[in-house]
Amino acid sequence: MPPIKDKYTIHSKAVVCQDVELKGDITIGAGTVVHPKAAIYAIAGPIVIGQNCIIEEGAILVNRRKEVMRVGDDNLFEIGCRVESPTIGHFNTISAKSRVHHTVRISSFCVIGIRCLVLPADDEILPDYTVIYGGSTSGDAAGVDAVVERRVWSGRGKVQEADLRRKHAEYLREMLPKFNRVRRGDGS
Amino acid sequence: MAPSVNYHCPCLSSAATPPPPNLPSSSYSFHPLHTLYFCEECDAVRCNRCVSVEVSGYYCPNCLFEVPSASVRAEKNRCARNCFQCPHCRNTLSVVPSDPPDAGDLTSSTIQIGSIGEPPFFLYCNYCRWDSAEVGITFEKPTGLALQLQKTEDSAPDSLEFERLKEHFEPFLRASSLSASTSHLPSTSHAPHTHTNPITAAASSALARDIPGVGKYNPSLGRSGGPGGGGGRSGRDRTANKDEMPEYRSRVQIGGAGSGGDEDADLMRHLEVPAEIARLEQRWVSSWATSLQSKHLKPLRIPLHSKPTKRCPSCRHILIKPEQKAQSVKYKIKLVAANYLPAITAHLPHAQIPKRPVALKSSVTSSTGPPAAEEDTAEPTMVAGKTYPFQLALTNPLYDPIHVRLAVQRAPLPPQLQSQDTAGTTDKEKEKTRRPPFAVSLPTSAFPIAAFAEAWEYEDEEELFDEDGGLVDKSSPAKDRAGKGKTKTVGVLEKKANCTVVGGEVVIGREGRGDVKFNMLVSYTYRSDDPAPSDGGEGDVEPRSPTAPKAAPEMKTFSFFTVVDLGVIVPKDETKVE
Ligand SMILES: [Zn+2]
Ligand SMILES: [Zn+2]
Ligand SMILES: [Zn+2]
Ligand SMILES: [Zn+2]
């Protein structure tokens, strides 16, 4: 296996903090915010992240496959989540400390609840508006809820949520550079 | 399980001494120290089984509104403001406006939303994304939602049926409360209770009250109306009343949705995904029987909580009383036993010896041994036929030093302690009937525990061993090999601040089985604040140690029982298997 060649393409309107771990071929779209202490590892294939995503502290995005891992627009990756999905659509919320395995592809408007572990044995595509949330049993020692419930969200309130997501990102783009050093891509 | 020490509350029996620790009933008489109260008036320990509880206030756990008790019933014990629970995940719901009419293309960079929310409003769960529009509940205004919901709750068939039932029984209840005032049962007729007081008396007379149409309970005749023959005898004089009650006809049809009838059976038969059926925990928070289907679950008003006040059952003094404010977690009055009685913790030094033998033993035990040994591989085990030292650490909560004397009750005493006068003397005859599985030695003389003080107030610790009998080599007995304990392990081992550690020893018989669990009488002498202690009088309340030293008049002695559980005995033959 050839050594991973680092290549970062960061849009000039993206805010990627200096204290972020990047590995491999990574493209970050306009308006996307990457907090300090987040990590993006393109181990096997490249990772392409769309516009206006928010990647919070301690969040880890990993691509273990050869093909490109595509992350759409307006996704929120909360603190300490770990996502290895080969494709992610738009307007998804990956909640704090959740873990999504590489066998899961995420469509749009999905919510992975706090601490939820999504690890299907076979490859699966979560349809739009899928909500996964913690079950009635408490989490195991690993700090995740392996027993999860599923629902389909009606989508009511999505416009307001999208609006909030945009404002959230906008605020971060303004505030983060005041307190953190920002990384520039190879391209800019 | 680590060794434990629980404290006795004598409320469950008239005897001053607690039940033998090997009886199942024993566990009901003993409690962890932190759950106990202490009545200064009665000079006695009180537990949650004997205190009388009254509600001092109701509040909503979500909005912390203090609900006047007058409205609690009308609002059916649930918050009447804007607090709702998600029927699926029990998260708190929030009221949100609808999206603007044209959702359009969200990925385009322009989303315009006015600052004022658009009706209709609905309840929305931020966690599982359920919303009340799914069950057709929306609101024109974001206020007064509880009132609107309660209206639908109250119009539920079950609710209406309940109201009708109440109306139906109303005249009978009124009549029975009148008759109760004329015919009080003598207090001797119901179960003898050591602490009869106005509240328990009222409660038990209410329970024993004559209800027209219902067979009378007569203690001398035994159960009436039961499956036995008692019903006929007592029913005879009640026939007149029975006829008075007209038959009640239900309006709700049995077998409708949610009541387990054909409709539900049919639903279950055609079930495709288990999640279609609401789980039991999702349904039973609801006030009335609801549909089985999870898609029919309705938002719930949040149930109120209450703050209780607890009183001493015999003198009615308040033992604990919270502050009225729902936001406050403080207490106005707090008489907890932990502030009066020395805290005692037990441990086995041999359990701290590296895991090797323990782990092996318990793995053998789990196959054939007593079930209690199964859960924890690190559990200290005691092998039959061996002798083990154990330690009791006593911590003094008082601002004055105390002198403590320990005595084993009823437990088999080794010969050298047989002469000692313990509280178990009266039971010595019983002991002879059974071969004891183990014998416990404890220090026989009283030992001091320093006063409680703030950490910085302690002087350099001096070893004050002069007051004790024949004690102790300073080398910790914890390093003694298990099973080879010497007599030196019994006595005061360590004094530090307001904590004194004493050592004891347990000799396990060759045929010993079960738990090493024994009752221990703890008597401590302290300087009393009030000069004239009313000793005696409450003989039923706490046993006074017969060995309590007659000290200076301002000294008082308080005695209480504890149960010390050191763990399970591993039968000897099983350890040979390895
Ligand atoms: Zn009690
Ligand atoms: Zn409330
Ligand atoms: Zn919910
Ligand atoms: Zn009292």
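Cys79(B) is buried, with a relative accessible area of 0%; buried here means under 20% relative accessible area, exposed over 50%, and partly exposed in between, with a 1.4 Å probe and protein chains only. Cys60(B) likewise counts as buried, at 0% relative accessibility. The model is a predicted one, in which local features need pLDDT of at least 70, side-chain atom pairs count only at pLDDT 80 or more, and totals for chains, interfaces and linings use all residues. Residues are numbered from 1 along each chain as its sequence is written, chains are lettered from A and ligands numbered from 1 in the order in which they are written, and side-chain values use heavy atoms, with hydrogens and water left out.

Cys60(B) and Cys79(B) both serve the zinc ion (ligand 2), which is coordinated through the SG atoms of Cys60(B), Cys63(B), Cys79(B) and Cys83(B) at 2.2 to 2.3 Å. Donors are N, O and S atoms within 2.8 Å of the metal (3.2 Å for Na, K and Ca); water is not among the atoms, so sites may look incomplete. The arrangement around the zinc ion (ligand 2) is tetrahedral because its 4 donor atoms subtend angles of 105 to 116 degrees. Four donors count as tetrahedral if all angles lie between 85 and 135 degrees. For four tetrahedral donors the ideal angle at a metal is 109.5 degrees. The donor residues of the zinc ion (ligand 2) follow the spacing C-x2-C-x15-C-x3-C in sequence. Cys60(B) and Cys79(B) link distant parts of the chain, 19 residues apart: Cys60(B) lies in the loop between strand S5 (52-59) and strand S6 (66-67) of chain B, and Cys79(B) in the loop between helix H2 (69-74) and strand S7 (84-85) of chain B. Helices (H or I, at least four residues) and strands (E, at least two) are DSSP runs, numbered from the N terminus.

The zinc ion (ligand 1) is held by the SG atoms of Cys9(B), Cys11(B), Cys47(B) and Cys50(B), at 2.1 to 2.3 Å. Its site is tetrahedral, with angles of 105 to 112 degrees among the 4 donor atoms, and the sequence spacing of its donor residues is C-x1-C-x35-C-x2-C. Cys11(B) is in the loop between strand S1 (4-8) and helix H1 (26-29) of chain B and Cys47(B) in the loop between strand S4 (44-46) and S5 of chain B, so this pair ties together parts that are 36 residues apart in sequence. Cys11(B) and Cys47(B) are both buried.

At the zinc ion (ligand 3), the protein donors are the SG atoms of Cys86(B), Cys89(B), Cys125(B) and Cys128(B), 2.2 to 2.3 Å from the metal. Angles of 100 to 117 degrees among the 4 donor atoms make the site of the zinc ion (ligand 3) tetrahedral, and its donor residues are spaced C-x2-C-x35-C-x2-C in sequence. Because Cys86(B) lies in the loop between S7 and S8 of chain B and Cys128(B) in the loop between S9 and helix H3 (145-154) of chain B, the pair ties together parts that are 42 residues apart in sequence. Cys86(B) is buried at a relative accessible area of 0%, and Cys128(B) is buried at 0% as well.

The next topic is the interface. Here 25 residues of chain B are in contact with 25 residues of chain A, contact meaning heavy atoms within 4.5 Å. The two chains bury about 2,200 Å² between them, 54% of it on carbon and sulfur atoms; buried area is the accessible area (1.4 Å probe) that two parts lose on being put together, summed over both. Across the interface of chain B and chain A there are 4 salt bridges, each a side-chain nitrogen of Lys or Arg within 4 Å of a carboxyl oxygen of Asp or Glu. The side chains of Arg279(B) and Glu149(A) form a salt bridge, at 3.1 Å from N to O. Strand S8 (93-98) and strand S9 (118-125) of chain B are the elements that give two or more residues to the side of chain B that touches chain A.

Pro120(B) is placed in strand S9 of chain B, and the peptide bond from Pro119(B) to Pro120(B) is cis, with omega near -5 degrees.

Conventions:
Tetrahedral: all angles 85-135°; square planar, octahedral: opposite > 155°, others 65-115°.
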